[in-house]
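Please open the model in your viewer and keep the selection panel at hand, since this tour goes from one selection to the next.

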Amino acid sequence: MYSTNAFYQPVLLSDAEALLPLAGDRVQAGFPSPAEDFAVKRIDLTEVLVTHPQATFLLRVSGESMRDAGIFDGDMLVVDKAIKPRHGHIVVAVVDGEFTVKYLHMRAGRVKLKPANVTFPEILPKEGQTLAVWGVVTSAIKRFVC
Amino acid sequence: MYALVDGNNFYVSCERVFRPSLQGRPVVVLSNNDGCAIARSNEAKELGIKMGAPWFQIKHLEDEAGLVALSANFTLYGDMSDRMMSLAAGLGPTQEVYSIDESFIGLDGVRGDLTERARKIRARINQWVGLPCGIGIAPTKTLSKLANHIAKTAERKPGSYPSDLAQVCNLAALPTSDLDAVLAATDVGEVWGVGPRIGKQLKAAGICSVLDLRQLSASTVRANWSVVLERTVRELQGQPCIGLDDAPSAKQQIACTRSFGQAVTDELPLVEAVSEFASRAAFKLRKQSSLASEVLVFVRTSPFRDTPQYNRSIVVPWYDRRPTPQS
């Protein structure tokens with residue numbers, strides 16, 4: 001026999017927090033840790049690499065056109081869309097609807113994209129076309145062991 | 001004062017950030033298993049594609065009109081939404097995230113030119129995240145939603161409203177005659193809280209524009225319709241009746257449903273699916289610390305296929321194994 005009206009009362013798990021004791025918390029018979037007063041925050045890589053969280057994206061590199069800048073195929077780029085692009089910045093730009101990573105050249109009213117590899121051509125905007133910068137590359141992350 | 005920030009064609013716009021070649025083209029985003037269009041670019045709307053249109057009905061537009069269809073990527077849309085909401089919060093001291101692409105912001109105590117501030121935030125969202133949005137500003141939530149609608153329509157359909165109301169529309173900054181003209185030019189069905197049913201009733205009573213509705217007395221509205229519509233009319237008249245929710249209330253119903261990508265004829269995939277969805281629904285339940293008093297399971301054939309239909313559901317009967325009290 002079963003009833004469609006009755007239902008189980010779930011058994012409540014304990015409300016107690018499961019705290020891990022820190023070495024410094026325990027009451028000790030021996031000496032207090034000399035490091036106690038010098039405890040600082042560990043290095044947070046996100047804090048180091050990301051200045052504008054809402055505007056930062058990770059993109060993966062494909063191709064060899066920026067080799068001489070130390071950017072290789074498969075590297076991960078930290079791209080910040082909040083930074084105002086300047087001459088000499090490495091940028092992600094949109095050319096004919098596609099992404100490309102290049103040096104931004106902005107001098108004497110001329111704008112162009114320059115590769116870091118002699119076998120690749122410079123990109124100049126066509127008549128009436130503007131170069132659209134998607135974001136500024138702030139770091140390149142290279143993994144040697146994945 | 002309130003602002004409503006709303007992303008334009010949100011899912012499509014998210015996709016366009018990473019595929020700039022989709023700009024200016026008709027694009028739709030399809031639901032799970034590529035069933036129906038859940039987002040359309042303006043160009044796709046102009047092709048006549050309606051919200052929820054099943055894919056097989058619009059597929060021909062791929063070759064005929066260059067329509068691009070993308071599978072929904074909710075992980076991406078959720079992340080982009082977080083970024084946009086975080087920046088929108090800079091508009092004022094309080095925020096209510098209303099949906100994945102809409103947020104109210106309370107503007108109490110914010111000094112200076114609100115329109116200019118909104119323009120700056122809109123520009124920042126566009127630059128930092130790549131998403132275009134509309135911002136409506138007004139003394140009540142209902143009016144701010146209307147202002148947002150005007151901001152978007154003024155941009156998308158030049159000539160529908162004064163061009164200076166495009167992208168950012170501040171109804172509180174308009175002189176009375178201008179505001180009246182804008183409300184007179186807006187269909188009453190655009191008001192938040194006026195659905196198709198009430199809209200029809202209002203129009204039958206000669207109330208066709210938002211201005212018409214605003215001019216009714218609140219007590220007349222309560223007498224002839226409902227206290228809910230009365231609240232809407234008061235809000236249209238500039239009296240804030242609806243505040244910001246800081247925390248969403250716990251859901252009263254939780255569902256997890258999917259359509260299968262192809263026809264299922266065996267029991268095993270059904271068993272797997274029901275187990276998986278029940279598990280996901282339970283996860284959402286635990287997340288809001290609730291208990292379920294009823295669990296319902298349903299299965300149905302595709303309403304779009306020209307085959308005999310089956311549609312049944314069952315409330316799961318639980319065994320009550322507790323010992324029955326002896327009398």
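A residue is called partly exposed here when its relative accessible area falls between the buried class, under 20%, and the exposed class, over 50%. Please keep in mind throughout that this is a predicted model.

**Chain A as a whole**

Begin by selecting chain A and colouring it by secondary structure, which should bring out one helix and six strands. Followed from the N terminus, these elements come in the order α-β-β-β-β-β-β. If you then colour by accessibility, 27% of the 146 residues of chain A count as buried, while a surface drawn around the chain exposes about 11,200 Å², with carbon and sulfur atoms supplying 59% of that area. For a contact map, consider the contacts of chain A with a separation of 6 or more: residues 24 or more positions apart account for 49% of them.

**A salt-bridge network in chain A**

Next, select K112(A), K114(A) and E122(A), which are linked in a network of salt bridges. Within this group, the side chains of K114(A) and E122(A) meet at 3.9 Å, taken from N to O. Are these two partners buried or exposed? K114(A) has a relative accessible area of 29% and is therefore partly exposed, and E122(A), at 36%, is partly exposed because that value lies between the limits of 20% and 50%.

**Two salt bridges in chain B**

Over all chains, the count comes to 17 salt bridges, and two in chain B deserve a stop. Select E43(B) and R16(B), whose closest N and O atoms are 3.1 Å apart in a salt bridge. E43(B) lies in helix α2 of chain B and R16(B) in helix α1 of chain B, so the pair ties together parts that are 27 residues apart in sequence. E43(B) is partly exposed, with a relative accessible area of 23%, whereas R16(B) counts as buried at 10%.

Now move to D180(B) and R214(B), whose side chains meet in a salt bridge at 2.8 Å, N to O. Because D180(B) belongs to helix α8 (residues 176-184) of chain B and R214(B) to helix α10 (residues 210-214) of chain B, this pair ties together parts that are 34 residues apart in sequence. D180(B) is partly exposed, at a relative accessible area of 23%, and R214(B) is buried, at 18%.

**The second largest pocket**

Turn on the pocket display and choose the second largest pocket, where about 1,400 Å³ of space lies. Of its 44 lining residues, those closest to the centre are G7(B), N8(B), N9(B), N42(B) and K152(B). Elements that each supply at least two residues of the lining include β6 (132-141) of chain A, as well as α1 (10-18) and α2 (42-46) of chain B. Which element gives the largest share of the lining? That is α7(B), with seven residues. Coloured by class, the lining shows 16 nonpolar, 13 polar and 15 charged residues.

**A cysteine in a loop**

Finish at C241(B), placed in the loop between α12 (227-236) and α13 (267-287) of chain B, where this residue is partly exposed with a relative accessible area of 33%. Leaving aside neighbours within four places in sequence, C241(B) is in contact with R231(B), R234(B) and E235(B). For R231(B), which is 10 residues away from C241(B) along the chain, the C-alpha atoms of the two are separated by 6.4 Å.

How values were computed:
Residues are numbered from 1 along each chain as its sequence is written. Chains are lettered from A and ligands numbered from 1 in the order in which they are written. This is a predicted model: local features need pLDDT of at least 70, side-chain atom pairs count only at pLDDT 80 or more; totals for chains, interfaces and linings use all residues. Side-chain values use heavy atoms; hydrogens and water are left out. Helices (H or I, at least four residues) and strands (E, at least two) are DSSP runs, numbered from the N terminus. Buried means under 20% relative accessible area, exposed over 50%, partly exposed in between (1.4 Å probe, protein chains only). Contact means heavy atoms within 4.5 Å. Accessible areas come from the Shrake-Rupley method with a 1.4 Å probe; for residues, only the protein chains shown count as cover. On a 1 Å grid over the protein atoms alone, a cavity is a set of points where a 1.4 Å probe fits but cannot get out, and a pocket is an open set with protein on both sides within 12 Å along at least five of seven lines; lining residues have an atom within 4 Å of a point. Grid points are joined across faces, edges and corners, and a volume is the space filled by probe spheres set on the points. Ala, Val, Leu, Ile, Met, Phe, Trp, Tyr, Cys and Pro count as nonpolar, Asp, Glu, Lys and Arg as charged, and the others, Gly among them, as polar. A salt bridge is a side-chain nitrogen of Lys or Arg within 4 Å of a carboxyl oxygen of Asp or Glu.
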